[in-house]
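Here is a short report on a protein model. Look at the structure first, then read on.

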Amino acid sequence: MESIPSEKHYYGVASFIEKNKKKDLTIFIIDDNEAYLHLLKQILDYESFSVFTFTTGEEALEYIEIKPDLVLIDFHLNSIDTTALNGDRIAELFKQRVPGVEIALISADKKINLISELNNVNFKNIIYKDEKTIGKIIDVSDTLAEKKSKKLNYFIPFIVLLSFTIIENLILIIKLWN
Amino acid sequence: MNQQLITNDHFQPETFLSFVNGKKEIMWSTLKELSTVLVEDSLQIQKAIEEKKPEQLRSIAHRIKPNFFLLGMNEVGNLCKELETVELNDEGLDKINILLKKVPSVVQEIEVFTIDKLYFQL
């Protein structure tokens with residue numbers, strides 16, 4: 001019988017995004033499943049986030065100078081390129097080269113033995129390719145987008161008022177000039 | 001594996017929508033991506049059979065499995081799960097062929113669904 005990991009594993013990434021909502025995050029997503037890569041990019045394509053997608057970890061490492069804040073990595077990455085390194089190894093390389101980077105593993109596998117294997121490289125965050133997790137990430141992205149939009153709406157009256165004041169002053173200057 | 005269950009397993013847009021919190025624009029764009037990806041996956045499976053690479057087949061099965069759960073096609077997803085440990089013997093090849101026969105109809109279902117959506121938007 002398969003053991004399902006506890007809930008704390010599910011929401012690590014969502015919490016990270018929530019905690020960093022005031023920052024412009026750079027996110028790398030690495031997955032050889034192009035449909036899921038596309039799906040996750042769409043979900044995280046929030047205006048203040050820069051999202052980069054890669055089908056292998058090696059390709060992502062070529063862009064390491066961008067210094068991502070968050071890296072989402074699929075565990076099995078060698079189904080297209082059989083020589084490609086798997087997610088645990090790529091995660092180690094990112095941790096060595098980008099100190100402080102937050103790493104989350106993407107997995108379609110909920111078996112606890114996989115989690116135990118992964119514990120050797122200390123993955124705090126694991127995203128399962130399921131409805132619950134994807135939905136939670138969307139919720140967080142939506143909340144951020146909504147807050148950003150409200151913030152912009154708050155400034156609109158001030159911008160309008162300022163524009164009127166500038167125009168009024170310009171008219172006054174032109175009148176005085178004449 | 002009951003072939004009838006696979007034949008009767010169809011795309012469930014409601015399941016997909018619940019995955020993406022009802023965001024239709026994400027569903028449409030991912031479906032477009034999926035219809036291309038599924039064809040490519042199918043070709044990769046055929047290549048792995050021709051080259052007698054069971055390890056690669058298992059790896060592809062693992063990769064594509066969540067796509068079918070996303071489409072609400074749990075029986076096909078479970079077939080992929082079985083293929084994660086497949087051997088290239090008669091039994092294994094039968095299971096692979098069931099999947100290969102199913103993929104074109106899945107792509108067709110997605111295409112019909114997206115064309116209908118475009119039609120109703122006009």
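## The build of chain A

Chain A has 6 helices and 5 strands. This is a predicted model. Follow chain A from the N terminus, and its elements come in the order α-β-α-β-α-β-α-β-α-β-α.

## Inside and surface of chain A

Chain A holds 178 residues, and 44% of them are buried. Now take the contacts in chain A with a separation of 6 or more. Of these, 68% join residues 24 or more positions apart.

What about the outside? The accessible surface of chain A is about 10,000 Å². Carbon and sulfur atoms account for 55% of that surface.

## Where the chains meet

How many residues does the contact take from each chain? Chain A provides 25 residues, and chain B provides 22 residues.

The size of an interface is often given as the accessible area lost when the parts come together. Here, chain A and chain B bury about 2,100 Å² between them. Of that buried area, 57% is on carbon and sulfur atoms. Between chain A and chain B there are 0 salt bridges. The polar contacts between chain A and chain B come to 6 residue pairs, with both residues at pLDDT 80 or more.

## The side of chain A that touches chain B

Two helices of chain A, H2 (34–44) and H6 (131–177), each supply at least two residues of the side that touches chain B. H2(A) gives the most to this side, with 7 residues. Sorted by class, the side of chain A that touches chain B has 9 charged, 8 polar and 8 nonpolar residues.

Definitions and conventions. Residues numbered from 1 in each chain as written. Chains lettered and ligands numbered in written order. Predicted model: local features only at pLDDT ≥ 70, side-chain atom pairs only at ≥ 80, totals over all residues. Heavy atoms only, no water. Contact = heavy atoms within 4.5 Å. Buried area = accessible area lost by both parts, 1.4 Å probe. Salt bridge = Lys/Arg side-chain N within 4 Å of Asp/Glu carboxyl O. Polar contact = N/O pair within 3.5 Å; in protein donor to acceptor, adjacent residues only side chain to side chain. Helix = DSSP H or I, 4+ residues; strand = E, 2+ residues; numbered from the N terminus. Nonpolar A, V, L, I, M, F, W, Y, C, P; charged D, E, K, R; others polar. Buried < 20%, exposed > 50% of the residue type's maximum accessible area, 1.4 Å probe, protein only. Areas by Shrake-Rupley, 256 points an atom, 1.4 Å probe, with all protein chains shown as cover.
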